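Here's a quick briefing for anyone opening this structure for the first time. Have a look at it below, then work through the notes by topic.

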Amino acid sequence: MIKFWRSKSDEAKPDVPPVAAPVPPPPVSVPTPTITKPAPPAPAAPAAEPPRGGWLSRLRQGLTKSSSKLTEGITSIFTKRRLDHATLEELEDLLIGADLGPTTAARLTRDLAANRFGKEITAEEVRTLLATEIAGLLAPVARPLIPDPSLKPHVILMVGVNGTGKTTTIGKLARQWRDDGRSVMLVAGDTFRAAAVSQLKVWGERSGCPVVARETGADPAGLAYDALERARREGTELLLIDTAGRLQNKTDLMAELQKVIRVLRKLDPSAPHSVLLTLDATTGQNAHSQVEVFQGMVGVTGLVVTKLDGSARGGVLVALAEKFGLPVHAIGVGEGVDDLRPFDPTAFSRSLMGLE
Ligand SMILES: Nc1nc2c(ncn2[C@@H]2O[C@H](COP(=O)(O)OP(=O)(O)OP(=O)(O)O)[C@@H](O)[C@H]2O)c(=O)[nH]1
Ligand SMILES: [Mg+2]
């Protein structure tokens, strides 16, 4: 039997975030697709969560590791110094060390030099100028995912490495679109683990969306096909398909995703209309290969960057924007149902540079 990689720490983590949620139902074990009835949207239950700041303070907090490194580095480079070749080189190295990548680092230092070469400049000014430049680089990729109303349904396939936040992001998106009055159906395409089905069902209850599921070990492609057929029949506007996490270098597992796409296209040649890749912001450089491989294999159309409230390595996001230019549809700043935000390049770049 195919084994999906799963780290010990992932195993230890609960799959469902600690908000007040219904107890997960037992794993389903029926041979045909089951569909759970949509429950009315459950309250977000803020009372059950520990007190915490708003999304911006969580973003700032999450980027602290990166921003302290950059702030301290810039301060030590630019204390009473002119912007000359030596300082620019040191700055470039610092930016590369903070995951911004050689191309972006070179571009940022070049732009800074174009403005201020030979002049005295304070560390604060450098951070402010860099934040502005970075926000400019990120602006073209900050594009929310807008469902296409002419599609019934708009099919969204969620892909990514294990534990990056696929299922949670589906739950959060489902809730947002349900709150907007759209009809949403969820597909428990991670048929490998019974717990994954239960986890999605909890999100289905929380967001008031039906969940199409099958027994553990069922073929995800067959399930996706049946779900699409049902969604078309019912005139559902959005079909969100969850998938099992997979490392990008497991070719057999990547082929399984390609099969899901092939099978969906038998019903709708234009499906899936969006292929979203979730990236864990705490990952660092491996994100490059994740984007590269998933894009090559399944044609990623956009990114959701999760865990920016964690110990995030924010520089990677800037390097990815420059290298791939893929839309960043949303960012995850927590485990709760409301913790998915549009990507705000200014807030992000200022937080990365340790600015208010
Ligand atoms: N802090 C934080 N935690 C998150 C965020 N998004 C997801 N998580 C947590 O990360 C863990 C993994 O999330 P899942 O949604 O189960 O990830 P997945 O990609 O579906 O995982 P697999 O199905 O095992 O591949 C869970 O504990 C989530 O609550 C986020 O934006 N911030
Ligand atoms: Mg999952």
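**Loops and unusual backbone spots**

D99 sits in the loop between α4 (85-97) and α5. Keep in mind that this is a predicted model. The phi of D99 is near 75 degrees, which is a positive value in a residue other than glycine. Most residues other than glycine have a negative phi, and most peptide bonds are trans.

- D99 counts as buried because 23 other C-beta atoms lie within 10 Å.
- K307 also has a positive phi, of about 60 degrees, although it is not a glycine. Look for K307 in the loop between β7 and α12.
- With 23 other C-beta atoms within 10 Å, K307 is buried.
- G325 comes just after α12 and takes a positive phi of about 65 degrees.
- Going from K152 to P153, the peptide bond is cis, with omega near 10 degrees. P153 belongs to the loop between α6 and β2.
- Another cis peptide bond runs from A271 to P272, with omega near -10 degrees. P272 is in the loop between α10 (251-267) and β6.

**The big picture**

- The protein chain has 13 helices and nine strands.
- Of its 356 residues, 46% count as buried.
- Take the contacts in the protein chain with a separation of 6 or more: residues 24 or more positions apart account for 83% of them.

**Strand β6 and its partners**

- How many residues of strand β6 are buried? Seven of the seven in β6 (residues 274-280) are, so this strand is largely enclosed by the rest of the structure.
- In a regular strand the side chains alternate between the two faces of the sheet. In β6, S274, L276, T278 and D280 point one way, V275, L277 and L279 point the other way, and all are buried.
- On one hand β6 runs parallel to strand β2 (residues 154-159), joined by four bridges. I156 has S274 of β6 as its bridge partner, and M158 stands opposite L276 in β6.
- β6 also runs parallel to strand β7 (residues 302-306), this time with five bridges. Here L277 is partnered by L303 in β7.
- Put β6, helix α11 (residues 286-298) and β7 together and you get a right-handed β-α-β unit.

**Strand β2**

- β2 is mostly covered, with six of its six residues buried.
- That goes for both faces of β2: H154, I156 and M158 on one side, and V155, L157 and V159 on the other, are all buried.
- β2 pairs with strand β5 (residues 238-241) in the parallel sense, over four bridges. I156 stands opposite L240 in β5.

**The nonpolar core**

- In soluble globular proteins, nonpolar side chains tend to be buried together.
- The largest nonpolar core here has 90 residues, and L186, V187, L239 and L240 have the most contacts inside it. Helix α6 (residues 123-138) supplies the largest share of this core, seven residues.
- Which residues does L186 touch? Leaving out residues up to four places away in sequence, they are I170, A174, L200, G204, C209, V211, L240 and D242.

**Helix α12**

- Seven of the ten residues of helix α12 (residues 315-324) are buried, so you can call it mostly covered.
- The buried ones are G315, V316, L317, V318, A319, L320 and A321.
- These buried residues pack against α3 (64-78), α5 (102-116), α6, α11 and β7.

**Q285, out in the open**

- Is Q285 buried or exposed? Q285 counts as exposed, because it has 12 C-beta neighbours inside 10 Å.
- You'll find Q285 in the loop between β6 and α11.
- Not counting residues up to four places away in sequence, Q285 touches D99 and V316.
- Q285 and G315 are 30 residues apart along the chain, and their C-alpha atoms are separated by 9.6 Å.

**Around ligand 1**

- Which residues come nearest to ligand 1? Of the 24 residues around it, they are G165, T167, T168, G245 and G332.
- Helix α7 (residues 166-179) gives the most to this shell, with three residues.
- By type, the shell around ligand 1 divides into three nonpolar, 13 polar and eight charged residues.

Note on methods:
Residues are numbered from 1 along each chain as its sequence is written. Chains are lettered from A and ligands numbered from 1 in the order in which they are written. This is a predicted model: local features need pLDDT of at least 70, side-chain atom pairs count only at pLDDT 80 or more; totals for chains, interfaces and linings use all residues. A residue is near a molecule or strand if its C-beta atom, placed from the backbone, lies within 6 Å of it. Helices (H or I, at least four residues) and strands (E, at least two) are DSSP runs, numbered from the N terminus. Ala, Val, Leu, Ile, Met, Phe, Trp, Tyr, Cys and Pro count as nonpolar, Asp, Glu, Lys and Arg as charged, and the others, Gly among them, as polar. A residue is buried if 20 or more other C-beta atoms lie within 10 Å of its own, exposed if 12 or fewer, and partly exposed in between; C-beta atoms are placed from the backbone. Two strands pair if DSSP finds at least two bridges between them. A crossover is right-handed if, with the strands pointing away from the viewer, the path from the first strand over the helix to the second runs clockwise. A nonpolar core is a set of buried Ala, Val, Leu, Ile, Met, Phe, Trp, Tyr and Cys residues joined through C-beta atoms within 7 Å. Two residues are in contact if their C-beta atoms, placed from the backbone, lie within 7 Å.
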